[in-house]
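Subject: Structure handover and notes

Hi,

Here is the structure I promised to pass on to you. Please open it next to this email, since the notes are meant to be read with the model in view.

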Amino acid sequence: MIRDQEIELEHGVWIRKRTLIPLRCVQHVDVKQGPLARKYKLASLYIYTAAMAHEIPFLDEQAAEKLRYTFLL
């Protein structure tokens, strides 16, 4: 979920992990595709902060590019 001031990531089935990333801490955002992901028009979005990188995998490639440009604004 992307809010005005932060990004909330949640993953896990049995053990849930929730991460809040303040938008002011985002340094840059990348979209990556391997050959298999490219075949199925999927991509992973990587959000980099000073501490680490956070991945949102298996997005539609157009949705990943749209999200990447959202962080530039």
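Below is what I found, going from the core out to the surface. Please keep in mind that this is a predicted model.

**The core**

The largest nonpolar core has 11 residues: Ile7, Leu9, Ile21, Val26, Val29, Ala43, Leu45, Ile47, Leu59, Ala64 and Phe71. Two or more residues of this core come from each of β1, β4 and α2, and β4 is the biggest contributor, with three. As background, nonpolar side chains in soluble globular proteins tend to be buried together.

Val29 is a good residue to click on here. Leaving aside residues up to four places away in sequence, Val29 touches Leu45, Tyr46, Arg68 and Phe71. Two of the names in that contact list, Leu45 and Phe71, are core members as well.

His54 is worth a look too. This residue sits in strand β5. Is His54 buried or exposed? With a relative accessible area of 12%, His54 is buried, because the cut-off for that class is under 20%. Again not counting residues up to four places away in sequence, His54 is in contact with Leu9, Thr19, Ile21, Leu45, Tyr46, Ile47 and Thr49. Among them, Leu9, Ile21, Leu45 and Ile47 belong to the largest nonpolar core.

**Salt bridges**

How many salt bridges does the structure hold? There are five. The general idea will be familiar: side chains of opposite charge can pair when their charged atoms come close.

I will start with helix α2. Arg68 and Glu65 form a salt bridge there, and their closest N and O atoms are 3.3 Å apart. The two residues are three residues apart in helix α2, so about one helical turn separates them. Both ends are partly exposed: Arg68 has 23% relative accessibility and Glu65 has 30%.

Elsewhere, Arg3, Glu6, Glu8 and Arg18 are joined into one network by salt bridges that share partners. One pair from that group is Arg3 and Glu6, whose side chains meet at 2.8 Å, N to O. Arg3 is partly exposed at a relative accessible area of 33%, and Glu6 also counts as partly exposed, at 25%.

Glu10 and Arg16 make another salt bridge, with 3.5 Å between the closest N and O atoms. Here the two partners fall into separate classes. Glu10 counts as partly exposed at 46% relative accessibility, whereas Arg16 is exposed, with a relative accessible area of 54%. The line between these classes is drawn at 50%.

**Tyr69**

Tyr69 is another residue of helix α2, which covers residues 61-72. At 47% relative accessibility, Tyr69 counts as partly exposed. The Tyr69 side chain makes a polar contact of 3.2 Å with the side chain of Arg68. Arg68 therefore appears several times in these notes: in this polar contact, in the salt bridge with Glu65 and among the contacts of Val29.Tyr69 and Asp30 are 39 residues apart along the chain, and their C-alpha atoms are separated by 10.0 Å.

**A nonpolar patch on the surface**

Which residues form a nonpolar patch on the surface? They are Val13, Trp14 and Ile15, and together they have about 500 Å² of accessible area. Trp14 lies in the loop between β1 (6-11) and β2 (17-22). At 85% relative accessibility, Trp14 counts as exposed.

**Two backbone angles to check**

Most residues other than glycine have a negative phi. Two residues here are worth viewing with that in mind.

- Lys41 has a positive phi, near 60°. Lys41 is in the loop between α1 (35-39) and β4 (42-48), and is partly exposed, with a relative accessible area of 49%.
- Phe58 also has a positive phi, near 60°. Phe58 is placed in strand β5, residues 53-60, and is exposed, with a relative accessible area of 67%.

That is everything from my side for now. Enjoy looking around!

Best wishes

Methods. Residues are numbered from 1 along each chain as its sequence is written. This is a predicted model: local features need pLDDT of at least 70, side-chain atom pairs count only at pLDDT 80 or more; totals for chains, interfaces and linings use all residues. Side-chain values use heavy atoms; hydrogens and water are left out. Patches are made of residues with over 30% relative accessible area and no salt bridge: like charges are joined within 9 Å, nonpolar side chains (Val, Leu, Ile, Met, Phe, Trp, Tyr) within 5 Å. Accessible areas come from the Shrake-Rupley method with a 1.4 Å probe; for residues, only the protein chains shown count as cover. A salt bridge is a side-chain nitrogen of Lys or Arg within 4 Å of a carboxyl oxygen of Asp or Glu. Helices (H or I, at least four residues) and strands (E, at least two) are DSSP runs, numbered from the N terminus. Buried means under 20% relative accessible area, exposed over 50%, partly exposed in between (1.4 Å probe, protein chains only). A polar contact is a pair of N or O atoms within 3.5 Å; within protein, one must be able to donate a hydrogen and the other to accept it, and residues adjacent in sequence count only if both atoms are side-chain atoms. A nonpolar core is a set of buried Ala, Val, Leu, Ile, Met, Phe, Trp, Tyr and Cys residues joined through side-chain atoms within 4.5 Å. Contact means heavy atoms within 4.5 Å.
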